[in-house]
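Welcome to a short briefing on how parts of this chain meet. Have the sequence and the 3D view open as you read.

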Amino acid sequence: MTDADGGGSAEGGSPEAGSVGGESRGGAATTTTGSGFDALRERAPDTRREAEALLDRLVRENRFTIAVVFPLVGAIALVGSAEGWIPEPFAFHPWFVLFGVLVMRSPLVVGVLPTVDRRALGWIGVLIAYTYLIESVGVATGWPYGEFAYTVDLGPMLGGVPVALPVFFIPLVMNAYLLCLLLLGPRADSVWVRLATVIPVVVAMDVVLDPGAVSLGFWNFGGGAFYGVPLSNYAGWVLSAVVAVVTLDRAFAAAAIRERLRDCEFMLDDMVSFVILWGSINVWFGNPLPAAVAAAFGVGLVRADRFDTRLFTEWRR
């Protein structure tokens, strides 16, 4: 009884003690949490330049994962989905596909970011609108690419067109544009030389992309002379390439984009991913010409000093 009474007294005094202790502990927790938030605030970038430097560092420190591991894993997952090795609902999972694409695009986006101003945003907006318009017309009418339909959801779909369509299309053109600037050197000063060079390179990228995508079952043209792709598709790509290249030419100041391209070693890592991903897929499905074109892009990246072998040697260490 005495113990019980004592316990009761202790309990009676406990809220007071607990209150004091609670305040002390709560104060400590608040201080710790506050200092944690303060530290995060101090580390968070305050200016656009600091944010760009942080993103540069994140991409630079993860180049091998982004440019090599993701496309290899992606190729295995996509081939596995097409061959029935991966069960539902994981086969061609739309969010997995979209996430992988966004990660592989990150070096290009981060690389271009310092050159983006209001003018660039405006023209990119125009190109995004064109991308949705021409694809919607193509799905509905078959013009200008030929009759086709998406047979796999590439992320959220709207009216039979992927919502993330600009993420798939615009970087292809941007990669071709940047690679040609590097390879052409001073000759790229001429707008006509840029157009005459970049447009065929964009079409050549689709020579790699479409046969691989048809083999995977991403979309279907109902047959075609070139690995299941009709030749009319490439005529459509000429049109879209002209629009896209002219728009990008207006969007970016030539001097600024070239300076950034010279200084940013990872700016074309997305194209490295393209070569690995779609080259591997075309090899697997026995599409030798698209695979050879992918290899030619790899050679172009090597000549431009952008297929960085240190990605592999540093990883082996």
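A salt bridge here is a side-chain nitrogen of Lys or Arg within 4 Å of a carboxyl oxygen of Asp or Glu. Side chains of opposite charge can pair when their charged atoms come close. Please keep in mind that this is a predicted model. By the salt-bridge rule, the count comes to eight, and three of these pairs are described below, followed by a helix pair.

**A salt bridge between α10 and α4**

- D270 and R105 pair through their side chains, with N to O at 3.1 Å.
- D270 sits in helix α10 (residues 269-284) and R105 in helix α4, so this salt bridge ties together parts that are 165 residues apart in sequence.
- D270 has 2% relative accessibility and therefore counts as buried, because buried means under 20%.
- R105 also counts as buried, at 13% relative accessibility.

**A salt bridge between a loop and α9**

- D189 and R258 form a salt bridge in which the closest N and O atoms are 2.5 Å apart.
- D189 belongs to the loop between α6 (165-184) and α7 (191-216), while R258 is in helix α9 (residues 254-263), so the pair links parts that are 69 residues apart in sequence.
- D189 counts as exposed, with a relative accessibility of 53%.
- R258, at 23% relative accessibility, counts as partly exposed.

**A salt bridge between D263 and R262**

- For D263 and R262, the closest N and O atoms of the salt bridge are 3.5 Å apart.
- D263 has 48% relative accessibility and counts as partly exposed.
- R262 is exposed, its relative accessible area being 57%.

**How α3 and α4 pack**

- Helix α4, the helix that holds R105, spans residues 94-112 and packs with helix α3 (residues 63-82).
- The angle between α3 and α4 is about 155 degrees, and their axes lie 10 Å apart.
- Angles over 145 degrees count as roughly antiparallel, and α3 and α4 are therefore roughly antiparallel to each other.
- The two helices, α3 and α4, make a left-handed crossing.
- On the α3 side, the contact is made by I66, F70, P71, A77 and L78.
- On the α4 side, the contact residues are F96, V97, F99, G100, V103, M104, S106 and P107.
- Which classes of residue make up the contact of α3 with α4? There are eleven nonpolar and two polar residues, and no charged ones.

Note on methods: Residues are numbered from 1 along each chain as its sequence is written. This is a predicted model: local features need pLDDT of at least 70, side-chain atom pairs count only at pLDDT 80 or more; totals for chains, interfaces and linings use all residues. Side-chain values use heavy atoms; hydrogens and water are left out. Axes are lines fitted to C-alpha atoms, for helices over the stretch in contact, and angles run from 0 to 180 degrees between N-to-C directions. Helices (H or I, at least four residues) and strands (E, at least two) are DSSP runs, numbered from the N terminus. Angles under 35 degrees count as roughly parallel, over 145 as roughly antiparallel, 65 to 115 as roughly perpendicular and the rest as oblique. A crossing is left-handed if the near helix is turned anticlockwise from the far one by less than a right angle, and right-handed if clockwise. Contact means heavy atoms within 4.5 Å. Ala, Val, Leu, Ile, Met, Phe, Trp, Tyr, Cys and Pro count as nonpolar, Asp, Glu, Lys and Arg as charged, and the others, Gly among them, as polar. Buried means under 20% relative accessible area, exposed over 50%, partly exposed in between (1.4 Å probe, protein chains only).
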